[in-house]
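Okay, everyone, let's get started. I'd like to talk about some helix packing and then a pocket, so have a look at this one.

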Amino acid sequence: MAASFLSNPTTFLPSSSSLTSQKHTLKGNSVCKPVCKLPNYPPHISKRSLSVSVTSLFLLSLTGNANAAILEADDDLELLEKVKQDRKRRIEKQTVLNSSNKDKEYLQDVIYKLSKVGQAIENNDLPSAGSILGQTPDVDWLKKGNAALSQLSSSPEEKAEVDTFNSSLTSLYSSVTKNDIEGSKLAFVDSASAFEKWTTLTGLTGQLKGL
């Protein structure tokens, strides 16, 4: 389409006779009529209306800032309350740990026994490991150790590590009984890792020896 327009430019230009007739017509008219209208200006805005509008915007701004300040204050209070509760739980936990000397003795015995079991397994001496562990997980030292673990566990994370520890010990007993050296090593590592994680969670790491 653009090519056809360019090839015949005379279609966009008026003829000479048309220009001449328009010229005579303009000369014959004594008064020129306006060809455009004045723009419509907006209605007059009073100072009072402008003042009210500015005041309204200012009040809206203050309301928004006030709401934001209230929300921020609520967040601060919630965070402060959480910090207080966490501090209270730590103090209560530390009080329990400081007064549980008998439980810590049982746990220290568990560490000593497992250390001996680990040395025997490292030397591929499963009969010695079995004699230290005992025939079943119902041996006295392990029952007392489990009682201490349960007594000193309060959070879900701590209880989960206790469950992992006991599950790994069951596997350890089974592997030692079957004379499975590789299974015994894996089960021992899992049980020792769970016990160490538990002591870290409870804050007993510095109060127990051999970890």
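So, α6 and α7 cross in a left-handed way. This is a predicted model, by the way. The two axes, for residues 140-152 in α6 and 156-177 in α7, come within 9 Å and cross at roughly 165°. That angle is over 145, so we call α6 roughly antiparallel to α7. Who's touching whom? On the α6 side you've got W141, L142, N146, L149 and L152, and from α7 come E158, V162, F165, N166, L169 and Y173. By type, that contact is eight nonpolar residues, two polar and one charged.

Okay, now swing round to α4 and α6. The crossing here is left-handed, with the axes 8 Å apart and an angle of about 130°. So these two helices, α4 and α6, are oblique to each other. From α4, the contact uses D103, Y106, L107, D109, V110, K113 and L114, while α6 puts in W141, K144, G145, A148, L149, Q151 and L152. The split for α4 with α6 is eight nonpolar, two polar and four charged.

Last thing, the pocket. I mean the second largest one, with about 170 Å³ of space in it. Which residues lie nearest its centre? Those are I111, L114, A192, E196 and G210, out of 10 that line the pocket. The elements giving two or more residues to that lining are α4 (101-122) and α8 (181-202). As for character, the lining has seven nonpolar residues, two polar and one charged.

That's me done, thanks.

Conventions. Residues are numbered from 1 along each chain as its sequence is written. This is a predicted model: local features need pLDDT of at least 70, side-chain atom pairs count only at pLDDT 80 or more; totals for chains, interfaces and linings use all residues. Side-chain values use heavy atoms; hydrogens and water are left out. Axes are lines fitted to C-alpha atoms, for helices over the stretch in contact, and angles run from 0 to 180 degrees between N-to-C directions. Helices (H or I, at least four residues) and strands (E, at least two) are DSSP runs, numbered from the N terminus. Angles under 35 degrees count as roughly parallel, over 145 as roughly antiparallel, 65 to 115 as roughly perpendicular and the rest as oblique. A crossing is left-handed if the near helix is turned anticlockwise from the far one by less than a right angle, and right-handed if clockwise. Contact means heavy atoms within 4.5 Å. Ala, Val, Leu, Ile, Met, Phe, Trp, Tyr, Cys and Pro count as nonpolar, Asp, Glu, Lys and Arg as charged, and the others, Gly among them, as polar. On a 1 Å grid over the protein atoms alone, a cavity is a set of points where a 1.4 Å probe fits but cannot get out, and a pocket is an open set with protein on both sides within 12 Å along at least five of seven lines; lining residues have an atom within 4 Å of a point. Grid points are joined across faces, edges and corners, and a volume is the space filled by probe spheres set on the points.
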